[in-house]
Amino acid sequence: MDFENIPLLPMEEAIEYWRLRVPMSPEEYKALSAESKAKAFSSALATSAHMVAQVYQAVEDAIKDGDTFEEFQEKTKGLFERAGYEVRPYQVETLFITVVQSAYQSGRWKQLTDPDILEEFPYWEYDAVGDRRTRPSHLAMDGLVYPANHPFWASWYPPNGFRCRCTVRARSASSIKRNGLKIETDMPKLKPDEGFDHSPVAVWKPDFHSLPKPLADRAERRLLEGPNS
């Protein structure tokens, strides 16, 4: 079954993660550092702050409703047409897979780092899809097991590129032994795709000091007042 046809879970942590990302215009977004971009959202499909806000809301609705790609595409078709945008299906698909995977995997990160869960499952295994669309660098990470607190996950926690479908599998000590898995200690030489070398902690930790002051003020206000601020 293709990824885009799998119904998404309305994970509360995924919705919370998405609401912590601050929508901003493409011009504002381009001026941010890579670390700051992890706390923000913009889209090449939108040329104005107003349009970005509408796309942002459409993504949030898709996460809450568990939309498939086809459902998301149908819901946003009128949005782009009214704005006079000619958007190709692959562009919408790239947006959908990337941002929804970011929200879902980051929500999963928050669940897996719960102290009670970590105590039972202190190791994580990188899990790539392994089909013809999987990038060689991501496939090279498939099956690697690191302690959950290893620096590897600060850069290689998925998604690790546009349209990345990789995920993480939690492992207990007994599972490691039972399956004969090796616990890695050294960092790999390969790097994630450019712009994707950060973990979800960059968003969950409410620290906006790396943002330019006007954007930091907006982010903090959004955090305090809720998603509609």
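This passage describes the nonpolar cores, one helix pair and one loop of a predicted model.

In the largest nonpolar core, which has 28 residues, the members that touch the most others are Trp18, Phe41, Val55, Ile63 and Phe72. At least two residues of this core come from each of the helices α1 (12-20), α4 (49-65), α5 (69-82) and α6 (89-112), and the largest share, eight residues, is supplied by α4. The surroundings of Trp18 can be followed residue by residue: when its neighbours within four places in sequence are left aside, Trp18 is in contact with Phe41, Tyr56, Val59, Glu60, Ile63 and Val99. Apart from the largest core lies another one, made of 16 residues, and Trp124, Met141, Leu144 and Cys166 are among them.

Two of the helices that contribute to the largest core, α1 and α6, also pack against each other, at an angle of about 115 degrees and with their axes 7 Å apart. The crossing of these two helices is right-handed. On the side of α1, the contact is made by Glu13, Ala14, Glu16, Tyr17 and Trp18, while α6 takes part through Val99, Ser102, Ala103, Tyr104, Ser106, Gly107, Lys110 and Gln111. When these residues are sorted by class, the contact of α1 with α6 has six nonpolar, four polar and three charged residues. Trp18 and Val99, which both belong to this helix contact, are also in contact with each other.

The loop between α9 (152-156) and β5 (167-171) holds Pro159, and Arg163 is found in the same loop, between α9 and β5. Both residues are of interest for their backbone geometry. Most peptide bonds are trans, and most residues other than glycine have a negative phi. The bond that joins Pro158 and Pro159, however, is a cis peptide bond, with an omega of about 5 degrees. Arg163, although it is not a glycine, has a positive phi of about 70 degrees.

The side chain of Arg163 is joined to that of Glu93 by a polar contact of 2.7 Å, and Glu93 has its place in helix α6, whereas Arg163 is in the loop between α9 and β5. The two partners fall into separate classes of accessibility. Glu93 counts as buried because its relative accessible area is 13%, which is under the cut-off of 20%. Arg163 has a relative accessibility of 26% and therefore counts as partly exposed, since that class lies between 20% and 50%.

Technical notes:
Residues numbered from 1 in each chain as written. Predicted model: local features only at pLDDT ≥ 70, side-chain atom pairs only at ≥ 80, totals over all residues. Heavy atoms only, no water. Core = buried A, V, L, I, M, F, W, Y, C linked by side-chain atoms within 4.5 Å. Buried < 20%, exposed > 50% of the residue type's maximum accessible area, 1.4 Å probe, protein only. Helix = DSSP H or I, 4+ residues; strand = E, 2+ residues; numbered from the N terminus. Contact = heavy atoms within 4.5 Å. Axes fitted to C-alpha atoms, helices over the stretch in contact; angles between N-to-C directions. Left-handed = near helix turned anticlockwise from the far one by under 90°. Nonpolar A, V, L, I, M, F, W, Y, C, P; charged D, E, K, R; others polar. Polar contact = N/O pair within 3.5 Å; in protein donor to acceptor, adjacent residues only side chain to side chain.
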